[in-house]
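Subject: The structure you asked about

Hi,

Here is the structure, with the sequence alongside. Have a look at it first, and my notes follow underneath.

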Amino acid sequence: MNLKLLGSWEIKKANTSSALKKFGISVTSIVLGLLFAGLFVLITGKDPLKLYNEIFQSSVGSIYGLSETLVEMIPLALCSLGVSLAFRMQLWNIGAEGQFYMGAFGATYFALFFSDLPKLIMLPLMLIAGFICGGLWALIPAIPKAFWNVNETISSLLLNYVAYFWMAYLVYGPWKDPKGNNFPLTKTFPDSATIPVFGNTRISYAIFLVLIIAVAMYILIKYSKWGYEISVSGSSRKAANYAGMSYVKNVLMVMFLSGAVSGIAGMAEVSGVLHRLQQTISPGYGYTAILIALLARLNPFSILLVSFLMGGLLVGGFSLQTSGFPSSMVSMFQGSILFFVLAGEIFNNYRLVRKKA
């Protein structure tokens, strides 16, 4: 389809787009998003350069800042890897936040009620519990989607609130620490239920899980038969069924795995960082993960890089409050970047050419 413009130019559909062009458009979109957000900062009377410098210094300008950025990167990358798998099949899993909560819930159950288990048994059990709870939570919107084509976007989004309030019920009620000065949190996990960390930092060994899952997902998508089925099923349900691929089975499996990876993120957060379940275990990791997956174009290795950048933005946002900037500035930055990245897709899919005489 050609879109006509005035004069001798027209917009034509581009059949292919090189990797270099895509990379250039992504970088330009991010820069424009930052400049756009900086304009609003300027309007409010603040200095955008000071804000950029504050974010940079607090996130990667010191060893402590760098380590905190990596701490934030772990849940972001895991949730992003999870949702990116679903997005590859055109399944819009917006429920990573809820799946994150349910993974934390499953892991906490074993930490609280099987506290005598040794670490070598406890941590794998918590990991499996997080995996299964996150996966089962994602199956709830997956089943009506697979059998009755119910839109999964709204159902997975609404389940985030159910998971959040379920966890709030636990930390305000039956799992509340009686010695916690009335704060909504559970008892501190025993040592056997905590993931070791590097030196004096808060970076847990869960970062290895991020790398392993990213490599495994890349191989799955790029080289496995099932990865090919995911791509075909996402393009056309009829074509998949005609080729002998089970669309229903693929929807259920992809959504389960997508939620399970986000569930692992929840387990890693409570076991590796917080060492207890509390009401505020996530500043919106599951929602930011959607932005990261889109920015990274669903590539597992690009997700690691973008997660690091977004982790830095989060760390920078925490420090902004002490410098007179509202922390919501970071949310505005993220929204601006997403807007320009989505707009940049036009240049990947279309090109401006001169009409032939």
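Let's start with Cys-79, which is buried, at 0% relative accessibility. Keep in mind that this is a predicted model, so everything below is computed from its coordinates.

Is Cys-79 tied up in a disulfide or free? Free: the closest cysteine sulfur belongs to Cys-133 and sits 15 Å from the sulfur of Cys-79, too far for a bond. For a pair to count, the two sulfur atoms would have to be within 2.5 Å. Cys-133 is likewise in no disulfide, with the sulfur of Cys-79 as its nearest cysteine sulfur. Searching the whole structure gives the matching result, zero disulfides. As for exposure, Cys-133 is partly exposed, with a relative accessible area of 21%. That value puts Cys-133 outside the buried class because buried means under 20%.

Cys-79 also turns up in a helix pair. Helix H3 (residues 63-88) packs with helix H11 (residues 285-295) at an angle of about 65 degrees, and the two axes are 8 Å apart. The crossing of H3 past H11 is right-handed. On the H3 side, the residues that meet H11 include Cys-79, Leu-76, Val-83 and Phe-87. On the H11 side, those meeting H3 include Tyr-285, Ile-290, Ile-292 and Leu-294. What classes of residue make up the contact of H3 with H11? There are 11 nonpolar residues, three polar and one charged. Glu-72, in H3, is the charged one.

Next, the nonpolar core. The largest one has 90 residues, and the members touching the most others in it are Leu-78 and Met-126. H3 is the element that gives the most to this core, with 12 residues. If you want to click through the surroundings of Leu-78, skip its neighbours within four places in sequence and you'll find contacts with Val-210, Ile-213, Val-261, Ser-262, Ile-264, Ala-265 and Ala-268.

One last spot is Ala-240, in helix H9 (residues 237-242). Is Ala-240 buried or exposed? Buried, with a relative accessible area of 0%. Not counting residues up to four places away in sequence, Ala-240 touches Val-232, Ser-233 and Met-245. For a sense of distance, the C-alpha atom of Ala-240 is separated by 33 Å from that of Leu-305, and the two residues are 65 apart along the chain.

Cheers

Key. Residues numbered from 1 in each chain as written. Predicted model: local features only at pLDDT ≥ 70, side-chain atom pairs only at ≥ 80, totals over all residues. Heavy atoms only, no water. Buried < 20%, exposed > 50% of the residue type's maximum accessible area, 1.4 Å probe, protein only. Axes fitted to C-alpha atoms, helices over the stretch in contact; angles between N-to-C directions. Helix = DSSP H or I, 4+ residues; strand = E, 2+ residues; numbered from the N terminus. Left-handed = near helix turned anticlockwise from the far one by under 90°. Contact = heavy atoms within 4.5 Å. Core = buried A, V, L, I, M, F, W, Y, C linked by side-chain atoms within 4.5 Å.
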